[in-house]
Amino acid sequence: MSLLELDGVHAYYGPSHILRGVSFDIDEGEVVTLLGRNGAGKTTTVRSIAGTEPPAIRSGSIRFDGDDITDWPADNIAMGGIGVVPEGRRLFTELTVEENLEMSKITRGWWNTIRRGGLGGGESTMSIDELYDLFPRLDERRTQQAGTLSGGEQQMLSIARTLRLPNLKLLLLDEPTEGLAPQIVKAVGDSITEIADQGLTVLLIEQNVREALRIADRGYVLDQGDIVYGGTVDELESEDLDEYLVV
Ligand code: ATP
């Protein structure tokens with residue numbers, strides 16, 4: 001059974017019809033990449049799944065882990081096990097690395113309150129020490145203000161913070177390598193592989209085709225709000241998809 005399944009999703013911002021029947025699925029344990037040019041609808045797909053700043057879904061459905069989550073509010077989707085690393089990182093720039101990771105304690109308190117209402121909750125997916133093992137650069141910079149980190153380090157912190165969510169089953173990464181220098185792109189990519197090796201399912205949104213195909217098992221290509229191609233990494237590499245991608 002698929003962990004995530006989008007079936008014919010049509011999403012709108014006001015009158016603008018952005019997603020035009022998007023269908024794809026991800027099995028448990030897979031790393032799947034969603035590729036496409038600027039404006040193809042990648043972020044809109046992430047927001048449709050996660051319910052954050054959501055476009056209106058007028059038809060189609062999104063199923064996750066056996067539930068129809070199409071109309072669920074963002075908090076319930078997060079509690080159900082979908083974590084988002086948003087485009088642009090959105091850290092608490094005045095706080096230190098460690099404080100950013102600890103912020104999830106506050107969030108967790110809030111979660112526990114909700115849990116008393118019977119909506120679920122639980123332990124963080126990874127402890128702060130486990131995160132420092134995964135991201136040694138963050139370990140070295142525990143007391144540094146997040147706003148003074150390099151772009152790559154900020155991206156690592158943004159990913160690490162999301163891994164503090166309880167019950168995480170699916171990680172949505174929205175262009176994690178955007179704006180990073182090549183050797184940092186590789187470091188972030190390697191971290192994503194390591195996270196996947198620990199059993200997390202990953203949807204990786206990327207414009208960086210080469211890096212995405214290095215990390216993923218399978219991929220889809222989105223163009224003008226529609227999936228125009230889907231296949232294994234080998235299939236994607238052998239197809240001529242240049243017109244849909246930044247290459
Ligand atoms: P990028 O790589 O540039 O982030 P993307 O593939 O993620 O591109 P989206 O951000 O999903 O693309 O945008 C798809 C289309 O939806 C674009 O034409 C964009 O202008 C439009 N759009 C995005 N957000 C809104 C909004 N809040 N209101 C109206 N239109 C929007």
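How many bridges join strand 9 to strand 10, and in which sense do the two strands run? The legends below begin with that pair and refer to a predicted model.

**Figure 1. The pairing of strand 9 with strand 10.**
Strand 9, residues 218–223, is joined to strand 10 by six bridges, and the two strands run antiparallel. Within this pair, Val221 stands opposite Tyr229 of strand 10. Asp223 has Asp226 of strand 10 opposite. The hairpin formed by strand 9 and strand 10 has two residues between the strands, and Gln224 takes a positive phi near 45 degrees there.

**Figure 2. Burial along strand 9.**
Strand 9 is mostly covered, with six of its six residues buried. Arg218, Tyr220 and Leu222 point one way from the strand, while Gly219, Val221 and Asp223 point the other way. The residues of both sets are buried. Strand 9 is also joined to strand 3 by four bridges, and these two strands run parallel. In that pairing, Tyr220 of strand 9 is the bridge partner of Leu34.

**Figure 3. The open sheet of six strands.**
The strands of this sheet follow the order 6-7-8-3-9-10, and their pairing is mixed. Strand 6 (82–85) and strand 10 (226–232) are the edge strands, each pairing on one side only. From one strand to the next, the twist averages 15 degrees.

**Figure 4. Helices on the six-stranded sheet.**
Helix 1, residues 42–50, lies across strand 3 (31–35), strand 6, strand 7 (170–174), strand 8 (201–206) and strand 9. The angle between helix 1 and strand 7 is about 150 degrees. Helix 7, residues 182–197, also packs on the sheet, where it touches strand 3, strand 7 and strand 8. The direction of helix 7 makes about 155 degrees with that of strand 8.

**Figure 5. The open sheet of four strands, with helix 1 across three of them.**
Four strands in the order 2-1-4-5 make up an open sheet with antiparallel pairing. Its edge strands are strand 2 (16–27) and strand 5 (67–68), each of which pairs on one side only. Strand 1, residues 2–13, pairs with strand 2 over nine bridges in the antiparallel sense. One of the residues in this pairing is Leu4, whose bridge partner in strand 2 is Ile26. Helix 1 lies across strand 1, strand 2 and strand 4 (56–64), and runs at about 115 degrees to strand 1.

**Figure 6. Helix 1 and its surroundings.**
Helix 1 is largely enclosed by the rest of the structure, because eight of its nine residues are buried. The buried residues are Lys42, Thr43, Thr44, Thr45, Val46, Ser48, Ile49 and Ala50. Gly51, just after the helix, takes a positive phi of about 75 degrees.

**Figure 7. The shell around the ligand.**
Which residues come nearest to the ligand? Of the 13 residues around the ligand, these are Asn38, Gly39, Thr43, Thr44 and Glu175. Helix 1 gives the largest share of the shell, three residues. Three contacts to ligand oxygen can be picked out in this view:

- Asn38: a polar side-chain atom lies 2.7 Å from an oxygen atom of the ligand.
- Ala40: a polar backbone atom is 3.1 Å from an oxygen atom of the ligand.
- Gly41: a backbone N or O atom lies 2.9 Å from an oxygen atom of the ligand.

Taken alone the ligand exposes 640 Å², and 61% of that is buried by the protein.

**Figure 8. Glu175 and Ala181 in the loop between strand 7 and helix 7.**
Is Glu175 buried or exposed? Glu175 has 6% relative accessibility and therefore counts as buried, the cut-off being under 20%. Leaving out residues up to four places away in sequence, Glu175 touches Lys42, Glu87, Gln155, Ile205, Glu206 and Gln207. One of these contacts, Lys42, is among the buried residues of helix 1. Glu175 is also one of the residues that come nearest to the ligand.

Ala181 has its place in the loop between strand 7 and helix 7. With a relative accessible area of 35%, Ala181 is partly exposed. Ala181 and Thr125 are 56 residues apart in sequence, and their C-alpha atoms are 29 Å apart in space.

Key. Residues numbered from 1 in each chain as written. Predicted model: local features only at pLDDT ≥ 70, side-chain atom pairs only at ≥ 80, totals over all residues. Heavy atoms only, no water. Pairing = 2+ DSSP bridges. Axes fitted to C-alpha atoms, helices over the stretch in contact; angles between N-to-C directions. Contact = heavy atoms within 4.5 Å. Buried < 20%, exposed > 50% of the residue type's maximum accessible area, 1.4 Å probe, protein only. Near = heavy atom within 4 Å. Polar contact = N/O pair within 3.5 Å; in protein donor to acceptor, adjacent residues only side chain to side chain. Areas by Shrake-Rupley, 256 points an atom, 1.4 Å probe, with all protein chains shown as cover.
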